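The following exercises concern one structure, shown below. Each begins with a task and continues with a worked solution.

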Amino acid sequence: MPLPAKAFQRWLNGVAPDTSTADICRVSGVKRTTLAQQLVRGKVAETTVVSISRAYNLNPVAALATFDTYSDLASSSLPPSDKELVSQIATVDLLRAVIVRTAPTGSTGTGSTGTESMDPRQPELSPPPHATSVKNWVDAIDDGELRHRVSTATGVAPQNYSAQLTANRLAPELAVATSRAAGVGLAGGLVATGLVTEAEAGWPRGARQAALDRLSDGDLAALSGERLQALGKTLRRQEQDQEQTERIWENLV
Amino acid sequence: MIEILQWTTLIASGAATLSRIPNLVRRKNRSIFYALALLTLAILLSIDGPYLAIDARLGSANVANLLLRFIIFGAIFFLALRIAAGFGDSRGIQLIRGRTGMLALGLISAVMVVCFVLMDTSGSSAGLVDVAAKNQQNALLVEYYGAAGRAYPAYVCLAILPGMLRAIRSPLPALLRMSAALLAVGSIAIPLSLLFPLVPPGLGFLRFIINYTAILCFVVGLALIWVASGRAGRKHRPLPAERR
């Protein structure tokens with residue numbers, strides 16, 4: 001799944017010719033032992049390429065596109081959909097928006113324009129990824145058959161795919177495959193998994209805030225409700241697991 | 001080889017018992033201490049030397065063997081109840097402590113005692129080997145007696161097995177799941193001992209291996225839970241912190 005070491009070496013030569021590995025590691029913050037290990041195994045992680053390209057002021061998405069697995073990243077210019085953008089807003093930020101819109105002293109929701117983001121009561125949205133960003137992103141672009149299509153395209157078993165989503169993880173290759181299968185901008189999944197930032201993926205500045213502002217009060221409330229419900233389920237499951245462990249301590253320790 | 005396994009099991013079980021003394025003093029889950037103490041005693045009684053020494057005091061009529069069986073019943077009863085309670089297996093508790101469980105215990109005990117009384121049991125012999133060799137009738141009775149003695153532990157183990165298998169696949173911490181797996185292996189091994197009469201005499205050592213691995217699995221499984229609890233820190237035990 002990760003990038004072949006040979007291709008990586010070739011890319012690295014182009015990016016930083018005549019630079020020692022030690023220097024590259026120092027500049028990019030990649031641990032030397034980590035990189036050495038990845039080179040020995042012949043598989044270099046995408047995060048390594050991202051860190052190094054950032055250190056050399058390259059766009060990480062463009063850098064990834066130089067590798068065969070990700071070559072179509074370069075040609076992809078689809079902008080993110082509103083649903084995708086909103087999926088990358090943290091639940092707390094959504095709730096804050098609900099409060100701001102319904103607060104008696106705030107604007108009553110009629111004048112929702114871009115200027116509102118300058119409002120001191122509406123602090124900047126926290127950058128992606130958030131605690132459930134991967135699952136929310138897939139849900140946002142899922143037409144009901146998406147998981148099935150990704151599974152057929154990549155050969156990854158549906159339950160393994162779901163397990164990654166639940167853990168808020170998704171291998172970069174799978175993230176791109178998911179975008180491809182959904183017919184959306186290819187870098188969206190990389191944002192949702194936190195591999196690259198929204199700016200690096202070419203999302204316009206303030207796009208998430210704008211998408212949020214375009215949400216009607218009803219949609220915002222419904223969406224926040226969904227998020228809260230999912231959060232409640234997760235928390236309850238954690239509490240149950242904790243209880244189960246606690247019961248073992250109580251009876252057997 | 002078998003001797004080593006026997007003594008290892010005895011030492012492991014004895015060490016586990018000793019490690020429960022602080023909790024015994026603190027009155028915390030005392031039944032685990034009693035169960036382990038009984039288990040240690042049972043292992044001691046199942047080893048030739050100690051068995052002969054103890055049985056000699058009890059009149060050399062193999063009463064120690066009958067005692068051993070009831071000690072095992074007691075140990076397994078208390079231990080299984082604790083384990084089922086710990087893993088939240090209410091059905092397992094019901095099966096052990098409920099009417100079915102009590103009926104099984106009573107019936108099996110009755111069969112065991114009747115067999116024992118009908119036997120000519122004079123002459124100490126670990127595992128009643130010499131008793132069985134006396135005559136045809138004795139051999140048959142020893143067989144039934146032994147089967148009855150294994151039946152109750154087997155019943156209890158089967159009662160808690162589903163709970164253990166569930167725990168292995170649950171989202172519990174890895175150490176606890178490992179412990180559940182060990183307990184499950186033990187719970188499978190003990191019912192297997194019901195098949196002992198079918199084991200050809202040449203493979204007699206299998207009996208020992210199954211018996212003692214079952215006990216080792218139980219003891220190590222429990223010990224793992226204590227390790228896991230130690231690892232998890234003491235936040236779930238506010239008592240010592242307050243004392244400090």
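The structure is a predicted model, in which local features need pLDDT of at least 70 and side-chain atom pairs count only at pLDDT 80 or more, whereas totals for chains, interfaces and linings use all residues. Residues are numbered from 1 along each chain as its sequence is written, and chains are lettered from A and ligands numbered from 1 in the order in which they are written.

**Exercise 1. Describe helix α3 of chain B and state what covers its buried residues.**

Step 1. Helices (H or I, at least four residues) and strands (E, at least two) are DSSP runs, numbered from the N terminus. Helix α3 of chain B covers residues 30–46, 17 residues in total.

Step 2. The expected span of a helix is 1.5 Å times one less than its number of residues. For α3(B) this gives 24 Å, and the distance from the first C-alpha to the last is close to that, at 25 Å.

Step 3. A residue is buried if 20 or more other C-beta atoms lie within 10 Å of its own, exposed if 12 or fewer, and partly exposed in between, with C-beta atoms placed from the backbone. By this criterion 12 of the 17 residues of α3(B) are buried, and the helix is mostly covered. Among them are Ile32(B), Phe33(B), Leu36(B), Ala42(B) and Ser46(B).

Step 4. Two residues are in contact if their C-beta atoms, placed from the backbone, lie within 7 Å. The cover of α3(B) includes α1 (2–19), α2 (21–25), α4 (48–57), α5 (63–86) and α11 (205–231) of chain B, together with α15 (217–252) of chain A.

**Exercise 2. Place Ala189(B) in its helix and identify its contacts distant in sequence.**

Step 1. Ala189(B) belongs to helix α10 (residues 174–192) of chain B.

Step 2. Ala189(B) counts as buried because it has 21 C-beta neighbours inside 10 Å.

Step 3. Setting aside neighbours within four places in sequence, the contacts of Ala189(B) are Ile210(B), Thr213(B), Ala214(B) and Cys217(B). Thr213(B) is 24 residues from Ala189(B) in sequence, yet their C-alpha atoms are 7.7 Å apart.

Step 4. Helix α11(B) has 27 residues and reaches 38 Å, close to the expected 39 Å. Its buried residues include Ala214(B), Cys217(B) and Phe218(B). The cover of these buried residues includes α1, α3 and α10 of chain B and α15 of chain A.

**Exercise 3. How many residues does each chain bring to the contact between chains A and B?**

Step 1. Chain B contributes 18 residues and chain A contributes 10.

Step 2. On the side of chain B that touches chain A, α5 and α11 each supply at least two residues.

Step 3. Ala, Val, Leu, Ile, Met, Phe, Trp, Tyr, Cys and Pro count as nonpolar, Asp, Glu, Lys and Arg as charged, and the others, Gly among them, as polar. That side of chain B then divides into 11 nonpolar, 6 polar and 1 charged residues.

Step 4. The predictor assigns the complex an ipTM of 0.73 and a pTM of 0.67.

**Exercise 4. Which residues have the most contacts inside the largest nonpolar core?**

Step 1. A nonpolar core is a set of buried Ala, Val, Leu, Ile, Met, Phe, Trp, Tyr and Cys residues joined through C-beta atoms within 7 Å.

Step 2. The largest such core has 71 residues, and those with the most contacts inside it are Ala42(B), Ala75(B), Ala80(B), Ala84(B), Ile96(B) and Val156(B). Helix α5(B) gives the most to this core, with 16 residues.

Step 3. Beyond four places in sequence, Ile96(B) touches residues including Ala80(B), Ala84(B) and Val156(B).

Step 4. A second, separate core of 42 residues includes Phe8(A), Val44(A), Val184(A) and Val191(A).

**Exercise 5. Is Asn57(A) buried or exposed, and what is notable about its backbone?**

Step 1. Asn57(A) lies in the loop between α4 (46–55) and α5 (60–65) of chain A.

Step 2. Asn57(A) is exposed because 6 other C-beta atoms lie within 10 Å.

Step 3. Although not a glycine, Asn57(A) has a positive phi of about 55°.

**Exercise 6. Where in chain B does pLDDT stay under 50?**

Step 1. pLDDT is the predictor's confidence in each residue, from 0 to 100. Chain B averages 86, and 95% of its residues score at least 70.

Step 2. The value stays under 50 over residues 236–244 of chain B, for which the model has 4 contacts beyond four places in sequence. Where pLDDT is low, the predicted coordinates should not be read in detail.
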